[in-house]
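Grab a viewer and work through these short exercises on side-chain packing. Each one comes with a solution you can follow step by step.

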Amino acid sequence: MSINISVLGSTGSIGTQTLEVVDQFKSQLKVVGLAAGGNVDLLKAQIKKYHPKAVSVKREKDARIIEKAHFGDEGNCKVATLPSVDKVVIATPGLAGIKPTLAAIGSKKTLALATKEVLVAAGQIVTRQAKKNKVKILPIDSEHSAIFQCLEGREVDEVKRVILTASGGPFRGMKARQLKNITPSQALKHPNWKMGAKITIDSATLMNKGFEVIEAIWLFGVPLSKITVVVHPQSIIHSAVEFIDGSIIAQLGPSDMRLPIQFALLYPGKRGKNNFRRFSFGDFSSLSFEEPDLKIFRCLDLAFGTIGQGKTMPAVMTAANDIAVAAFLNKKLPFFRIPDVIESTLEVHRPRVYSTMEEILEVDMSARDIAAKFVVKFGFK
Ligand SMILES: NC(=O)c1ccc[n+]([C@@H]2O[C@H](COP(=O)([O-])OP(=O)(O)OC[C@H]3O[C@@H](n4cnc5c(N)ncnc54)[C@H](OP(=O)(O)O)[C@@H]3O)[C@@H](O)[C@H]2O)c1
């Protein structure tokens with residue numbers, strides 16, 4: 001019997017790679033729902049190829065030109081909760097993923113989660129609901145897929161520490177003055193991974209690694225004190241787990257997001273043979289490791305501080321980061337000012353305990369307004 005999947009963010013980097021995995025396993029995986037933002041042409045091509053039962057787009061005007069299309073948050077939730085769906089791939093950017101994630105959990109669908117911002121901002125609600133509904137959250141992020149694979153069959157109390165690897169991004173080893181004149185096109189050139197624009201910038205600032213630390217805390221139930229970030233420029237070891245007996249299990253492979261996607265889509269079934277490129281030890285005469293420079297990559301340092309404070313702080317951090325990254329990409333904010341916008345937004349926020357999605361969405365909106373003001377303060381004059 002095939003696994004029926006809905007893909008939210010089907011026209012993006014993760015979404016299109018998910019469909020490439022589906023193409024490799026046609027007898028095992030069937031697309032029944034697709035949701036996208038505004039790339040209507042690509043979505044139409046996907047509809048023609050996969051014949052989904054439901055589709056959705058971001059805006060109503062685009063929904064009018066696609067037969068029986070839904071739109072907005074409601075549309076995403078429809079696609080995520082179709083009765084025939086077994087697994088929902090969440091690969092929309094940022095908090096656009098939160099409502100369909102919770103809707104899918106409420107309908108007891110297994111999640112294959114790429115959108116880390118959902119766990120960063122609202123990890124407490126998402127993991128609580130998943131536990132209550134006995135829903136499994138399978139990570140698509142390569143690091144978390146690696147940790148998941150290293151942990152298979154082991155208990156959390158056997159874990160000494162989780163080792164999250166980071167490529168270090170395109171500006172690894174640079175001095176502060178060298179970061180002064182970084183352009184969007186320089187920051188969009190990731191050394192190892194081809195990804196959407198927002199996560200590529202987050203990788204360049206190392207904010208992405210900060211998000212991933214928070215994601216790991218929620219996914220695996222390990223405290224911050226048991227998580228180590230290691231810069232590993234070759235991105236071959238995707239992450240590792242050290243156990244209490246001193247043994248370390250690491251997961252290695254090519255930098256190809258289709259592998260963690262495939263793992264999540266087929267899980268808990270057997271691993272499947274594909275025709276993706278293979279890793280060769282001959283291509284790498286050495287693998288290297290170093291500590292992240294928190295003085296230069298201040299976003300990671302800010303993330304560590306935010307985790308310590310907890311409550312609504314991570315939600316504020318993601319919102320401010322969204323605004324700062326968008327401003328940088330629109331050439332309104334220098335690259336080195338991204339952490340200033342985030343730090344200033346965090347400073348004016350009073351952290352509070354939250355228990356509902358509405359509270360998080362409210363905090364998100366207000367943090368965005370505040371961050372926009374700091375973009376004006378720190379932006380190009
Ligand atoms: N790319 C990676 O390798 C990677 C790795 C790990 C984790 N992630 C995470 O996965 C998520 C997606 O990343 P990405 O790189 O795939 O981003 P991306 O290439 O920018 O794609 C985003 C997708 O979401 C769609 N979208 C935008 N707004 C939407 C809305 N309101 N409702 C439904 N769909 C919407 C976009 O549609 P249109 O293009 O049609 O506008 C596109 O299909 C991010 O949270 C990222 O951090 C990505």
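**Exercise 1.** Find how many aromatic pairs there are, then classify the pair F148 and Y267.

*Solution.* Keep in mind that this is a predicted model. Start with the count: it comes to eight aromatic pairs. Now take F148 and Y267: their ring centres are 5.1 Å apart and their planes sit at 80°, so this pair is edge-to-face. The cut-off behind that step is that planes over 60 degrees apart count as edge-to-face. Next, place the two residues on the chain. F148 belongs to helix 7 (residues 142-151), while Y267 is in the loop between helix 11 (258-266) and helix 12 (298-309). The pair therefore links distant parts of the chain, 119 residues apart. As for exposure, F148 and Y267 are both buried. Finally, look for company: F148 and Y267 form one aromatic cluster with F263.

**Exercise 2.** Do the same for F171 and F335: what is the geometry, and which parts of the chain does the pair tie together?

*Solution.* Geometry comes up front. With ring centres 5.2 Å apart and planes at 75°, F171 and F335 are an edge-to-face pair. Then check the locations: F171 lies in the loop between strand 8 (159-166) and helix 8 (184-187), and F335 in the loop between helix 13 and helix 14 (338-348), so the pair ties together parts 164 residues apart in sequence. Both F171 and F335 are buried.

**Exercise 3.** Which residues touch the most other members of the largest nonpolar core, and which helix gives the most to this core?

*Solution.* The core has 121 residues, and the ones touching the most other members are I140, M317, F335, I338, I342 and I360. Helix 13 (residues 313-329) gives the most, with eleven residues. Now zoom in on I338. Skip its neighbours within four places in sequence, and I338 is in contact with I201, T205, C299, N321, A324, F328 and L333.

**Exercise 4.** Describe the largest cavity: what is its volume, which residues line it, and how does the lining split by class?

*Solution.* Begin with the search: the structure holds one cavity of 30 Å³ or more. The largest cavity has a volume of about 40 Å³. Its lining is made up of G94, L95, E117, T318, A319, D322, D364 and R368. Sort those by class and you get two nonpolar, two polar and four charged residues. Last, trace the helices: helix 13 and helix 15 (357-378) each supply at least two lining residues, and helix 13 gives the most, with three.

Definitions and conventions: Residues are numbered from 1 along each chain as its sequence is written. This is a predicted model: local features need pLDDT of at least 70, side-chain atom pairs count only at pLDDT 80 or more; totals for chains, interfaces and linings use all residues. Side-chain values use heavy atoms; hydrogens and water are left out. A nonpolar core is a set of buried Ala, Val, Leu, Ile, Met, Phe, Trp, Tyr and Cys residues joined through side-chain atoms within 4.5 Å. Buried means under 20% relative accessible area, exposed over 50%, partly exposed in between (1.4 Å probe, protein chains only). Helices (H or I, at least four residues) and strands (E, at least two) are DSSP runs, numbered from the N terminus. Contact means heavy atoms within 4.5 Å. On a 1 Å grid over the protein atoms alone, a cavity is a set of points where a 1.4 Å probe fits but cannot get out, and a pocket is an open set with protein on both sides within 12 Å along at least five of seven lines; lining residues have an atom within 4 Å of a point. Grid points are joined across faces, edges and corners, and a volume is the space filled by probe spheres set on the points. Ala, Val, Leu, Ile, Met, Phe, Trp, Tyr, Cys and Pro count as nonpolar, Asp, Glu, Lys and Arg as charged, and the others, Gly among them, as polar. Rings of Phe, Tyr and Trp (its six-membered ring) pair if their centres lie within 6.5 Å; planes under 30 degrees apart count as stacked, over 60 as edge-to-face and the rest as tilted.
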